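Hi,

Here is the structure I said I would pass on. Have a look at it first, and then read my notes underneath.

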Amino acid sequence: MKNIVVIGAGQAGAACVAKLRGLGFDGALTLIGEEPVPPYQRPPLSKAYLLGEMGLERLLLRPESYYREAAVDLRLGQPVRGIDTATRQVILGEGAIPYDALVLATGSVPRRLPAAIEGDLGCVHVVRGLADVDVMAPGLQPGRRALIVGGGYIGLEAAAVARKRGMEVTLIEMAPRILQRVAAPETSEYFRALHRAHGVDIREGVGLTQLVGTDHVTGAVLADGAAIACDMVIAGIGIAPATALAAAAGLMIENGIATDEEGRTSDPAIWAAGDCASFPYQGARIRLESVQNAIDQAETVAKNILGAHEPYRPEPWFWSDQYDVKLQIAGLNTGYDRVVIRDGGNARSHWYYAQGRLVAVDAMNDPRGYMIGKRLIAAGVSPDPALVADPAQNLKPLFQG
């Protein structure tokens, strides 16, 4: 194998090329990014970077010099026009790059508010890339009014940042509760109380009917008829896998770019990893949107391109910072039927069980509970819920691995 091309210079793409070089691949290696900056961390965009606590240099995953030293041909600011699977070439605006193996790490795209409700007005933002946050940041000024649309983690993080900047914040969620898609009611209740204690006006079960303004947004009409004034709107209504390039190339699409357990797509020369890729897991096909998945899946793909034939087995984890609370999540709560609360005061965790088996933990300012829960889940050990519910009980001895 002489030529490997990776499309997408995000967390997955950067992890893939680094792993390939680390495993001794010495052929031509190209990393193509649509943005004009080297690969960077996305999670801090809606947290420390938006608050001005982290600069661009700290945001970068590696110094740009790394790619030169590792002989990675880093092509920045170059959108890919298409993939010619017959001749195995990636088509750019000017010229083409041949490949023996191609990795799609195209990530995801934010869902935007539709133009039909004036979602294209000025000062209506999404939080996905560096450019999005750079445009948004100057508007975060004390006394201004922000409307957050969407009560998922991105929306809640944006609300926390806006309040820290002294803005008046209203957050609306169309579902009956915030975090409904990703967390138990107990976790929703915890974060609802946290945000209300910090002055956020949370309105659940309420959708957005119309934005108001001429050149830039000045207000909104909600589905319950309420009208609110705002100087800025931040839409945190989810993301969709970036599959357009793969679909145009004729690859199978199923909840993202469909891959087998090794990360190979329906074309044997093309692989996929990260937010854009779905893969088989416990009898279903899933797609994970997290830094951990992007790194681990991309590294597995790198190994398998070089012949390892290693199935990808995720060990999911996720994190979020809101005010002075660090949330750490281990596992997947899919199919849970019981939640056990371990309340240690400032340190609190919610333990998810499915038919008696521990499947996930939400830990709020409880790094010890998170680490123990993560190890228990990985080892297949399910502690007695009564022990978990008693914060005086030490759970560490339960883990024997």
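**The five-stranded sheet**

Five strands, paired in parallel, make up an open sheet, and their order is E9-E16-E10-E11-E12. At its edges you will find strand E9 (124-126) and strand E12 (201-204), each of which pairs on one side only. On average, neighbouring strands here are turned by 20° against each other, if you ignore direction. Before you go further, please keep in mind that this is a predicted model.

For a closer look at one edge, go to E9 and strand E16 (residues 232-235): the two run parallel and are joined by three bridges. If you want a pair to click on, try Val-124, whose bridge partner in E16 is Val-233.

There is also a helix to look at here. Helix H5 (residues 153-164) lies across strand E10 (145-149), strand E11 (168-173) and E16, and it runs at about 170° to E11.

**The three-stranded sheet**

The next one is an open sheet of three strands, in the order E18-E20-E21, and its pairing is mixed. Strand E18 (257-258) and strand E21 (284-286) each have a single partner strand, so one side of each is left without a neighbour in the sheet. As a reminder, strands of a sheet pair through backbone hydrogen bonds, either parallel or antiparallel.

Which sense do E20 and E21 use? Strand E20 (residues 277-281) pairs with E21 in the antiparallel sense, over three bridges. Within that pairing, Pro-280 stands opposite Arg-285 in E21.

**A buried arginine**

Now scroll back to helix H1 (residues 11-22), where you will find Arg-21. What caught my eye is that Arg-21 is buried yet has no salt bridge. How far away is the nearest side chain of opposite charge? That side chain belongs to Asp-26 and is 6.2 Å away, while the cut-off for a salt bridge is 4 Å, so the pair does not count as one.

What Arg-21 does have is a backbone oxygen close by: that of Gly-27 lies 3.0 Å from a polar atom of the Arg-21 side chain. Leaving out residues up to four places away in sequence, Arg-21 touches Asp-26, Gly-27, Leu-29, Ala-70, Ala-71 and Val-72.

**Salt bridges**

How many salt bridges are there? The count comes to 15. Here are some to look up:

- Glu-35 and Arg-42 meet through their side chains at 3.0 Å, N to O. Glu-35 has 25% relative accessibility and so counts as partly exposed; Arg-42, at 28%, also counts as partly exposed.
- Glu-289 and Arg-287 form a salt bridge at 3.1 Å, N to O. Glu-289 is partly exposed because its relative accessible area is 32%, whereas Arg-287 is buried, with 16%.
- Asp-321 and Lys-326 are joined by a salt bridge of 3.0 Å, N to O. Asp-321 counts as partly exposed at 27% relative accessibility, and Lys-326 counts as partly exposed at 35%.

Salt bridges can also share partners, and this is how Asp-260, Glu-262 and Arg-264 are joined into one network.

If you have time for one stop, I would pick Arg-21, which is buried and has no salt bridge. Shout if anything is unclear.

Cheers

Note on methods: Residues numbered from 1 in each chain as written. Predicted model: local features only at pLDDT ≥ 70, side-chain atom pairs only at ≥ 80, totals over all residues. Heavy atoms only, no water. Pairing = 2+ DSSP bridges. Helix = DSSP H or I, 4+ residues; strand = E, 2+ residues; numbered from the N terminus. Buried < 20%, exposed > 50% of the residue type's maximum accessible area, 1.4 Å probe, protein only. Lys, Arg positive; Asp, Glu negative; His and termini not counted. Polar contact = N/O pair within 3.5 Å; in protein donor to acceptor, adjacent residues only side chain to side chain. Contact = heavy atoms within 4.5 Å. Axes fitted to C-alpha atoms, helices over the stretch in contact; angles between N-to-C directions.
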